[in-house]
Amino acid sequence: MKLLNLTSRYFLQLIFAMLLLWCAVFYFSIQSTIYNEIDEYLTFREQEIIQKIKKDKALLNTSTADDRDFYIQEITQKIYDKERIKNPKGFFQDFNKYIPYEGEEEPFRRKQSVLKDREQYYQITTLTNMMNSEDILYTILLDVLVFSLLFFALVMVLNRFILNRLWKPFYHTIGNIKRYRLDKEVQLSYNSSSITEFKELNESIEELIKNNLTAYQNQKHFIENASHEMQTPVGIIHSKIELLIEEPNINKAQAVLIEEISEQIHRLSRLNKTLLLLSKIENNQFPDSSVIQAITVIKKCCDYFKDLLEFKNLSLQWQQQEEMTLTMNEGLAEVLFSNLLKNAIHHNIESGHINISITKKEISISNTGKPLTFDSSLLFERFQKKSDDPQSNGLGLAIVKKICVLYQFDISYSFFNDQHTITIIC
Amino acid sequence: MKLLIVEDEIGMQQSIQAYFTKSGYLCEIAGTQKSAEEKIQLYHYDCVILDITLPDGNGLRILEHLKKKNAKTGVIILSAKNSLDDKVAGLTMGADDYLSKPFHFTELNARVTSIVRRLHFQGNNQIQIGNICFELDAQKVFIGDKELILKKKEYELLLFFISNTDRIISKSSLAEHIWGDNSDRTDSFDFLYSQIKNLRKRLNENASDYNIQAIYGLGYKFIKE
């Protein structure tokens with residue numbers, strides 16, 4: 001989950017809870033204020049009526065009228081005493097009353113207290129309509145809610161906006177890191193941020209990348225330099241052996257030794273050359289690309305291996321021959337396809353087949369052969385030499401893979417029906 | 001035939017000199033760009049074997065110098081860099097051939113021979129050895145009057161043998177000549193043995209003056225029978 005959304009989510013939850021709490025507090029606070037006011041009014045009105053009764057006793061009997069805001073009932077002494085102990089100041093009660101012209105029940109509040117007048121006991125009830133106060137309460141509550149929500153929305157938008165702005169350098173940095181590849185020299189741009197943390201982050205990353213790059217480059221150069229430096233002594237040994245074989249009077253035992261040395265030095269120099277090629281591909285030292293026809297290059301390679309195919313009694317078939325253009329270094333294209341073809345020839349069986357298919361997007365070369373004796377995921381790894389061929393250096397497919405990586409081709413291997421297939425999707 | 005070897009590694013210098021002296025060339029050595037340029041200024045050479053990396057400069061400068069002099073001199077570039085740039089630069093500047101280190105002497109010998117032949121026998125692109133005749137332009141081989149029909153690789157192989165007549169050719173140099181960087185398979189060696197066997201048979205059948213002789217443990221030799 002994005003940091004921004006997470007912050008928003010927390011904010012949302014927090015503010016919502018607070019809003020609810022606030023509404024509740026507000027509701028009860030206003031309600032209690034309103035009740036206080038009403039109760040005060042009812043008490044006042046009651047006193048007024050009692051004063052009136054003292055002046056005009058007739059009121060005691062006319063007080064049951066429905067449209068009055070008070071009524072008086074006679075009660076027994078027993079109830080009077082009980083009420084006086086229970087509620088010496090009278091008691092308040094909410095109730096609903098049917099209002100004919102409204103056609104519905106409306107909330108009312110009444111105060112009941114008891115009264116003694118010349119050994120007669122009465123209960124006096126004062127009441128008032130609560131309609132207005134309820135309306136006011138709900139209106140206020142609604143207003144509060146609406147304004148709070150609006151405020152809340154505003155805060156959210158601002159929050160998003162501000163956070164977006166604040167975190168922008170961070171996302172930029174992340175984007176940089178995502179795009180960064182150690183083996184590709186990409187200059188990364190850093191937004192100068194005024195935020196200390198981000199500044200530090202950028203600086204640390206820059207430092208980290210710089211160190212990594214130096215280490216990586218050192219390593220790469222070491223391989224390249226080592227291979228280079230080895231060329232000269234290997235070359236000299238090579239040349240001395242060639243002089244040696246022409247020396248007169250070499251006996252058979254010596255000849256066998258020389259042959260062995262010669263073979264090994266030949267192998268060493270080939271290995272060295274191949275490593276150099278690999279490191280050059282890695283260092284992208286084949287800059288000039290041209291547009292080439294895949295089919296032309298592959299046919300050239302087939303022609304090159306024609307005699308060897310015949311010698312091994314292999315049949316080569318073209319399944320599909322569509323036009324496909326590749327933009328790559330021509331030399332590397334030849335290396336790529338000749339390695340694949342060489343592989344298909346070498347790992348084939350007696351009187352086997354090689355099938356080549358080129359479509360607009362895909363080149364696949366398959367050959368008959370024994371199943372792999374190792375995990376196919378290791379097929380394109382360096383020195384995964386599993387064949388028992390002493391001449392093989394186990395780098396052929398590693399080179400193929402490197403070239404594919406360089407040009408961002410997708411390479412895959414499959415084995416089906418005793419057929420090994422290597423497919424390159426360009 | 002005069003040969004100038006421009007090479008800074010003493011071990012290499014000596015080897016090349018020893019090998020080509022045996023082939024009957026008159027070899028001179030230059031270890032730096034300066035001494036090479038002096039020698040070129042003073043003498044004429046049929047072929048210059050030029051190492052690109054020199055302690056005091058680039059071998060390509062010498063090539064430039066040589067081309068200015070406009071001498072009829074073949075140039076073959078040696079480079080340890082195995083770099084395509086050097087190859088392209090060298091060939092566009094007028095070098096005749098390019099060979100990356102390490103190389104087989106038989107390979108260098110074949111190339112030098114071919115360059116010298118081209119420079120000295122213009123128009124008549126033929127090699128005659130005993131009763132074998134190579135028509136290089138047409139890529140045809142005749143023994144006496146009879147044409148010897150060869151496959152592509154067999155032709156290459158025979159030409160390589162002929163360019164290294166009387167010298168011992170190691171198996172690995174043969175494989176590398178035929179298969180280049182693809183010589184790293186047993187297949188290619190097996191293939192080679194069968195080609196050589198076949199070639200010997202054909203030469204024998206056609207009563208060739210020369211044939212391939214196996215030298216135990218060391219390789220082959222193309223000699224007069």
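Visitor: Hi! How many bridges join S8(A) to strand S9 of chain A, and do they run parallel or antiparallel?

Guide: Hello! Strand S9 (residues 362–368) of chain A is joined to S8(A) by 5 bridges, and the two run antiparallel. Keep in mind that this is a predicted model.

Visitor: Noted. How many residues lie between S8(A) and S9(A)?

Guide: There are 3 residues between them, and the two strands form a hairpin.

Visitor: Can you give me a residue pair to find? Which residue in S9(A) is the bridge partner of Ile356(A)?

Guide: Look for Ile365(A), which is the bridge partner of Ile356(A). You can also find Ile358(A), which stands opposite Ile363(A) in S9(A).

Visitor: Is S8(A) enclosed or not, and why?

Guide: Strand S8 (residues 353–358) of chain A is largely enclosed by the rest of the structure, because 5 of its 6 residues are buried. For S9(A), 6 of the 7 residues are buried, so the rest of the structure largely encloses that strand too.

Visitor: What about strand S6 of chain A, how does it run with S8(A)?

Guide: Those two run parallel, with 6 bridges joining S6 (residues 315–321) to S8(A). A pair to look at there is Leu316(A) and its bridge partner in S8(A), Ile354(A).

Visitor: What actually holds paired strands together?

Guide: Strands of a sheet pair through backbone hydrogen bonds, and the pairing can be parallel or antiparallel.

Visitor: Okay, so what is the strand order of the whole sheet in chain A?

Guide: It is an open sheet of 5 strands in the order S6-S8-S9-S11-S10 (chain A), and the pairing is mixed. At the edges stand S6 and strand S10 (410–416) of chain A; each has a single partner strand, so one side of each is left without a neighbour in the sheet. On average, neighbouring strands of this sheet are turned by 15° against each other, direction ignored.

Visitor: And how does S11 fit in, how many bridges join S9(A) to it?

Guide: Strand S11 (residues 419–425) of chain A runs antiparallel to S9(A), with 7 bridges between them. Within that pairing, Ile365(A) stands opposite Ile422(A) in S11(A). S11(A) also pairs with S10(A) in the antiparallel sense, over 7 bridges. There, Asp410(A) has Ile425(A) of S11(A) as its bridge partner.

Visitor: Which strands does helix H6(A) touch?

Guide: H6(A) packs on the sheet and touches S6, S8 and S9 of chain A. The direction of H6(A) makes about 175° with that of S6(A).

Visitor: At what angle do H6 and H8 of chain A pack?

Guide: Helix H6 (residues 294–304) and helix H8 (residues 330–346) of chain A pack at an angle of about 50°, and their axes are 9 Å apart. The two helices are therefore oblique to each other, and their crossing is right-handed.

Visitor: Which residues make that contact?

Guide: From H6(A) the contact uses Val297(A), Ile298(A), Lys300(A), Cys301(A) and Cys302(A). From H8(A) come Ala333(A), Glu334(A), Phe337(A), Ser338(A) and Leu341(A).

Visitor: Cysteines! Why is Cys301(A) not in a bond with Cys302(A)?

Guide: Their sulfurs are too far apart for a bond: the one in Cys302(A) is the closest cysteine sulfur to that of Cys301(A), yet the distance is 6.9 Å. The cut-off for a disulfide is 2.5 Å. Cys426(A) is in no disulfide either, with its nearest cysteine sulfur, in Cys404(A), 7.4 Å away. Over all chains, the count is 0 disulfides.

Visitor: Are those two, Cys301(A) and Cys426(A), buried or exposed?

Guide: Cys301(A) is buried, at a relative accessible area of 5%. Cys426(A) counts as partly exposed, at 24% relative accessibility.

Visitor: Switching to chain B: what is the strand order of its open sheet of 3 strands?

Guide: The order is S12-S14-S13 (chain B), and the pairing is antiparallel. Strand S12 (168–169) and strand S13 (210–215) of chain B are the edge strands, each pairing on one side only. S13(B) is joined by 6 bridges to strand S14 (residues 219–224) of chain B. In that pair, Asn211(B) has Ile223(B) of S14(B) as its bridge partner.

Visitor: Which helix lies across those strands?

Guide: That is helix H6 (residues 152–163) of chain B, which lies across S12, S13 and S14 of chain B and runs at about 70° to S14(B).

Technical notes: Residues are numbered from 1 along each chain as its sequence is written. Chains are lettered from A and ligands numbered from 1 in the order in which they are written. This is a predicted model: local features need pLDDT of at least 70, side-chain atom pairs count only at pLDDT 80 or more; totals for chains, interfaces and linings use all residues. Side-chain values use heavy atoms; hydrogens and water are left out. Buried means under 20% relative accessible area, exposed over 50%, partly exposed in between (1.4 Å probe, protein chains only). Helices (H or I, at least four residues) and strands (E, at least two) are DSSP runs, numbered from the N terminus. Two strands pair if DSSP finds at least two bridges between them. Axes are lines fitted to C-alpha atoms, for helices over the stretch in contact, and angles run from 0 to 180 degrees between N-to-C directions. Angles under 35 degrees count as roughly parallel, over 145 as roughly antiparallel, 65 to 115 as roughly perpendicular and the rest as oblique. A crossing is left-handed if the near helix is turned anticlockwise from the far one by less than a right angle, and right-handed if clockwise. Contact means heavy atoms within 4.5 Å.
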